[in-house]
Number of protein chains: 2
Amino acid sequence: MSQPPYYVGLDVGGSTMKAGAVDDAGHRLSSVSLPTEAERGQDLGLRRMCEAIRRAAAEAGLAMSQVAAVGVATPGTMDIPAGVMLDPFNLKPWQNVPVRAFVQRELALPTAFQNDANAAAHGEFWVGASRGAHSMVLFTLGTGIGGGIVLGELVVEGEHSHGAELGHMKIEMTNPRRCGCGGYGCLEAYASATAVAHRTLEALAGYSGTSALRALVEQKGAEALTCRDVFTAAEAGDALAERLVEETAYYLAVGATNAMHVIDPDVVVFAGGMIAAGEPFLERIRGHVGRLAFPVPAARTHIRYAQLGTDAGFIGAAACARQLHRRTCQGTA
Amino acid sequence: MSQPPYYVGLDVGGSTMKAGAVDDAGHRLSSVSLPTEAERGQDLGLRRMCEAIRRAAAEAGLAMSQVAAVGVATPGTMDIPAGVMLDPFNLKPWQNVPVRAFVQRELALPTAFQNDANAAAHGEFWVGASRGAHSMVLFTLGTGIGGGIVLGELVVEGEHSHGAELGHMKIEMTNPRRCGCGGYGCLEAYASATAVAHRTLEALAGYSGTSALRALVEQKGAEALTCRDVFTAAEAGDALAERLVEETAYYLAVGATNAMHVIDPDVVVFAGGMIAAGEPFLERIRGHVGRLAFPVPAARTHIRYAQLGTDAGFIGAAACARQLHRRTCQGTA
């Protein structure tokens with residue numbers, strides 16, 4: 001049984017946008033995926049966002065008049081209070097896209113706007129890995145490392161829309177790796193899925209032992225090597241791969257520890273493809289956190305995997321819509 | 001003209017406790033310092049806290065019945081929601097001291113309890129370096145590095161009273177320095193006043209050039225060398241001291257950048273004895289942040305020195321008392 005009011009959330013990604021209707025208890029009522037096709041321009045993109053939202057409502061059997069509010073989550077640099085995407089790296093050639101104003105006008109509904117990792121955090125906090133917690137920190141592990149922080153009612157957007165850029169905490173000064181952001185020593189340069197593949201190629205170059213990864217690279221080419229290949233080889237007992245996985249767990253533990261020593265949340269959540277590595281990898285991270293963090297948070301902070309998968313973004317966008325709706329209702333009550 | 005309601009804040013330090021009456025606009029109406037004398041036991045300590053609060057009220061010409069609430073800030077490990085100091089490093093042999101319950105019962109007034117660095121942050125946020133800001137991060141530079149984070153109405157205490165332990169963000173993995181906390185690679189191990197003195201002795205051992213610091217160490221002994229000595233030598237043009245000051249600015253910029261990439265506040269504030277180094281040192285920190293942080297926060301985040309000096313703790317404790325009073329009033333309104 002679904003529970004009104006209803007919301008629709010939309011998560012816009014580099015290749016796909018995914019929308020879903022969500023009820024007031026956070027149940028998913030529908031989900032719809034459409035290709036983003038950023039290269040066809042932002043006007044088409046904005047119309048497609050509205051289309052995805054309308055379809056998600058229809059698929060859930062809802063008229064748009066039954067939707068209380070919508071939420072849109074997008075990647076890249078943005079001005080969250082203004083509701084504008086600025087220069088999204090994965091959505092060329094979009095620039096200065098007035099997402100919230102367009103969607104709000106087109107659908108005539110209250111519209112929330114949020115960064116995609118913040119939205120995912122809000123989703124996991126509401127009905128996922130941190131349901132019932134007071135506060136959480138989320139790391140999303142993919143091409144880069146994104147982050148989201150939720151403290152009670154507050155999603156930490158930051159004053160300049162740069163809150164929870166957790167992949168860009170500096171964790172190394174002496175011999176810092178170059179990061180995709182152009183800087184050096186960022187967590188992302190060590191522990192993103194892309195960084196795992198890079199580190200593997202580097203390690204292979206200096207490794208004289210036997211490794212299944214060497215054959216794999218020769219077979220499919222260095223650029224095709226994935227983080228998943230490395231984790232799979234480690235599971236099969238490959239010594240070099242095991243070392244790389246262990247180091248990755250350590251780097252992620254450093255990131256978690258820093259977040260714990262700044263925010264001290266109830267729960268630290270890891271999301272993204274890398275969590276396919278399962279419980280043993282999480283146990284490694286926990287072990288390192290136990291040695292790196294202060295005793296009390298080390299003992300009490302829950303370290304978990306995300307639970308909502310690729311739906312976290314639209315569920316979180318719907319959570320932002322719900323928050324907007326509730327604040328508006330309180331404001332007018 | 002002072003503005004009721006009135007509050008009294010108390011900041012308990014290792015050697016001295018300082019209390020002051022503060023009005024609703026944050027004006028200091030009095031200040032009283034008493035020796036902490038922790039070695040004489042916590043019962044005496046608790047009674048002296050009440051004595052300091054009473055004297056601060058009296059010195060401001062206030063009867064205790066005119067005080068709306070009091071706030072107490074203390075150092076070391078604590079359970080903030082419980083109002084208990086656990087095992088304060090600088091206040092041996094105190095343990096499990098029920099500060100809030102005692103003060104509240106003894107003075108029959110609503111009593112707020114807070115970590116000293118969080119309180120200092122609250123004070124600077126209310127009427128100091130961040131007056132009028134939406135959010136701030138504070139670093140206190142002393143024997144260690146403490147921290148405080150204020151986001152609007154929220155002082156980030158953390159779920160386990162370990163929020164804003166900013167000195168214990170890990171910033172180095174390859175060749176990490178040992179920290180006073182027992183861990184490795186913490187910001188505090190690089191950029192506290194104590195760390196500056198340690199790094200100087202280390203640098204002198206491997207330095208063949210001329211430095212006034214060598215003569216100073218020979219004259220007063222290695223253990224007597226202070227951070228201030230190093231900054232003074234740098235101002236006089238000593239090349240080694242200049243290098244150490246420059247490195248310290250860099251380390252602090254790494255800390256500020258990490259805080260900016262997690263919290264993205266309006267203002268980053270540095271407090272403690274080291275800020276006697278003045279504007280040139282702050283400019284060095286700003287320069288490094290400009291290169292380390294993302295362009296938008298780097299350009300827009302204000303980086304400032306604290307303004308309340310050693311009164312920040314009691315003013316911030318009074319701010320916590322004021323917050324408690326206002327919440328209580330709202331709750332019963």
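This is a dialogue between a student and a tutor about a predicted model.

Student: Why are H5(A) and H6(A) called roughly perpendicular to each other?

Tutor: The axes of helix H5 (residues 193-205) and helix H6 (residues 212-220) of chain A cross at roughly 110°. Angles from 65 to 115 degrees count as roughly perpendicular. H5(A) and H6(A) therefore earn that description. Their axes come within 11 Å.

Student: What makes the contact between H5(A) and H6(A)?

Tutor: H5(A) brings A:Thr200, A:Leu201 and A:Leu204. H6(A) brings A:Leu213, A:Arg214 and A:Val217. By class, four residues are nonpolar, one is polar and one is charged. Leu and Val count as nonpolar and Arg as charged, while Thr falls among the others, as polar.

Student: Take the sheet with E8(A). Why are strand E10 and strand E12 of chain A said to stand at the edges?

Tutor: The order is E10-E9-E8-E11-E12 in chain A, an open sheet of five strands with mixed pairing. Strand E10 (154-155) and strand E12 (302-305) each have a single partner strand, so one side of each is left without a neighbour in the sheet.

Student: How do you know that strand E8 and strand E9 of chain A pair?

Tutor: Count the bridges. Two strands pair if DSSP finds at least two bridges between them. E8 (residues 135-141) and E9 (residues 145-151) of chain A have seven, in the antiparallel sense. One of the positions to look at is A:Thr140, whose bridge partner in E9(A) is A:Gly146.

Student: Which helices of chain A lie across strands of this sheet?

Tutor: Helix H3 (residues 116-127) lies across E8, E9 and E10 of chain A, at about 50° to E9(A). Helix H9 (residues 279-292) lies across strand E11 (267-271) and E12 of chain A. H9(A) runs at about 155° to E12(A).

Student: Now the sheet with E1(A). What makes strand E3 and strand E7 of chain A its edge strands?

Tutor: Each pairs on one side only: E3 covers 32-35 and E7 covers 111-115. The order is E3-E2-E1-E4-E7 in chain A, again an open sheet of five strands with mixed pairing. Neighbouring strands are turned by 20° against each other on average, direction ignored.

Student: How do you know that strand E4 of chain A is joined to E7(A)?

Tutor: Five bridges join E4 (residues 67-74) of chain A to E7(A). Pairing needs at least two. The two strands run parallel. A:Gly71 stands opposite A:Ala112 in E7(A). H3(A) packs on this sheet, touching E1, strand E2 (16-22), E4 and E7 of chain A. Its direction makes about 105° with that of E7(A).

Student: Why is the relation of chain A to chain B that of a two-fold axis?

Tutor: A rotation of 180° superposes chain A on chain B, with 0.0 Å of shift along its axis and an RMSD of 0.0 Å. That is the relation of a two-fold axis.

Student: How do you know that the same surface serves both copies?

Tutor: 100% of the contact residues of chain A recur in chain B. Here, 44 residues of chain A are in contact with 44 residues of chain B.

Student: What is the area buried between chain A and chain B, and which residues of chain A lose the most?

Tutor: About 3,600 Å² is buried, and carbon and sulfur atoms give 64% of it. In chain A, A:His160, A:Met173 and A:Val262 lose the most area to chain B. Together they make up 21% of what that side buries.

Student: What is omega for the cis peptide bonds before A:Pro5 and B:Pro5?

Tutor: Between A:Pro4 and A:Pro5, omega is about 0°. From B:Pro4 to B:Pro5, omega is near -5°. A:Pro5 sits in the segment before strand E1 (6-12) of chain A. B:Pro5 sits in the segment before strand E1 (6-12) of chain B.

Student: What phi do B:Asn96 and B:Ser161 have?

Tutor: B:Asn96 has a positive phi of about 50°, although it is not a glycine. That residue is in the loop between strand E6 (84-85) and helix H2 (99-107) of chain B. B:Ser161, also not a glycine, has a positive phi of about 60°. B:Ser161 lies in the loop between strand E10 (154-155) and helix H4 (188-191) of chain B.

Key:
Residues numbered from 1 in each chain as written. Chains lettered and ligands numbered in written order. Predicted model: local features only at pLDDT ≥ 70, side-chain atom pairs only at ≥ 80, totals over all residues. Heavy atoms only, no water. Axes fitted to C-alpha atoms, helices over the stretch in contact; angles between N-to-C directions. Helix = DSSP H or I, 4+ residues; strand = E, 2+ residues; numbered from the N terminus. Parallel < 35°, antiparallel > 145°, perpendicular 65-115°, else oblique. Contact = heavy atoms within 4.5 Å. Least-squares fit on C-alpha atoms with pLDDT ≥ 70 in both. Buried area = accessible area lost by both parts, 1.4 Å probe.
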